[in-house]
Structures are given as structure tokens and as C-alpha cells.
Amino acid sequence: MSAAQQAPTAADMVRDSDLALSLISRHDSTGAEAGEVRERLRRHIAALLVPAGVHADSLADSRAKDIARATVDHAQRIAEDQGSGPEAALRLLAKSVALLLRYAADGERRQAA
């Protein structure tokens, strides 16, 4: 597999999430770069859905489990939505990646313990 085809790391995902928010703050949510970032964020969400969902489903507290599961499901819907305004989509995708990364990392830590 070439470097261009390697799966993104958590650092890559954080960088794209931060870049999305930076593009918004620069009022550049409709350019080519923003479009590429939106697509990468959608792919990041797709990659994180399973590990984040496994973590959500493993939570013992029913309220925490319900919130985490709803967050994962909402992130999936956001990734599938192509009709939102460019700025809103960029912000929602970036925030969803950040949350799913946290859930996936929490799940990994739990498994390692």
C-alpha cells in the first residue's frame, strides 16, 4: 500500500478537524480545499463508526450509553448528508470526528486495561 493509500491516523483526523474549523474562521468554507476536507472528514467518520459504536455499546451506565449511541448515530447521519450549507457541514463533520475519536480512544484504553 502506498503512503497515499494508507489509512489515516488519529493525528491526521485531528489535523483535518482543526483545519475545518480554521477554514470556517477564515470564511473559506466553500473553496476547493474546504470541499476536500469535508470529504476526508466523511471518510474519517466512516472509519470511526465501528470502534466508537463498540465503545458506546459497552458503557454500563444506561444514560451515558444512550448519549454515546445517539452521538455515533448522529455522526453517521451528518456524514451521509450532502444537503447542508457548506459552513454548517464543515463544522458538524469536524465536531463529529472529534467526538468519535474520543469514543474510539476510550474504547481502546478500556480494552487495553
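Select A113 to begin: this residue lies in the segment after helix α4, which spans residues 86-112. The model is a predicted one, and the tour starts at this point of the protein chain. A113 has 87% relative accessibility and therefore counts as exposed, the threshold for that class being over 50%. Now add A89 to the selection and draw a distance between the two C-alpha atoms. A113 and A89 are 24 residues apart along the chain, and their C-alpha atoms are separated by 36 Å.

Next, select A60. This residue is found in the loop that joins α2 (32-58) and α3 (62-80). Is A60 buried or exposed? Its relative accessibility is 75%, so A60 counts as exposed. Keep A60 selected and add L90. The C-alpha atoms of A60 and L90 are separated by 32 Å, with the two positions 30 residues apart along the chain counted as their spacing.

Move now to D16, in helix α1 (residues 10-25). D16 has a relative accessibility of 8% and so counts as buried, since that class is defined as under 20%. Which residues does D16 touch, leaving aside those up to four places away in sequence? Display V37, R40, L41 and H44, which are the residues in contact with D16 on that basis. Within this group, turn to H44 and show the side chains. The side chain of D16 makes a polar contact with the side chain of H44, at 2.8 Å.

Clear the selection and show the whole protein chain as a cartoon. The secondary structure comes to four helices and zero strands, and along the sequence the pattern reads α-α-α-α. Aligned to the principal axes, the C-alpha atoms fill a box of roughly 45 × 35 × 20 Å. The radius of gyration of the protein chain is 15 Å; a compact globule of 113 residues would have a value near 13 Å, which means that the two agree.

With the chain still in view, switch on contacts. Of the contacts with a separation of 6 or more, 71% are between residues 24 or more positions apart. Colouring by accessibility comes next: buried residues make up 34% of the 113 residues. Then display the surface. The protein chain exposes about 6700 Å², of which carbon and sulfur atoms supply 54%.

Finally, select the charged side chains. How many are positive and how many are negative? The protein chain has 15 positive and 16 negative side chains, and the centres of the two sets lie 3 Å apart.

Note on methods. Residues numbered from 1 in each chain as written. Predicted model: local features only at pLDDT ≥ 70, side-chain atom pairs only at ≥ 80, totals over all residues. Heavy atoms only, no water. Helix = DSSP H or I, 4+ residues; strand = E, 2+ residues; numbered from the N terminus. Rg over C-alpha atoms; globule rule 2.2 N^0.38 Å. Buried < 20%, exposed > 50% of the residue type's maximum accessible area, 1.4 Å probe, protein only. Contact = heavy atoms within 4.5 Å. Areas by Shrake-Rupley, 256 points an atom, 1.4 Å probe, with all protein chains shown as cover. Lys, Arg positive; Asp, Glu negative; His and termini not counted. Charge placed at Lys NZ, Arg CZ, Asp CG, Glu CD. Polar contact = N/O pair within 3.5 Å; in protein donor to acceptor, adjacent residues only side chain to side chain.
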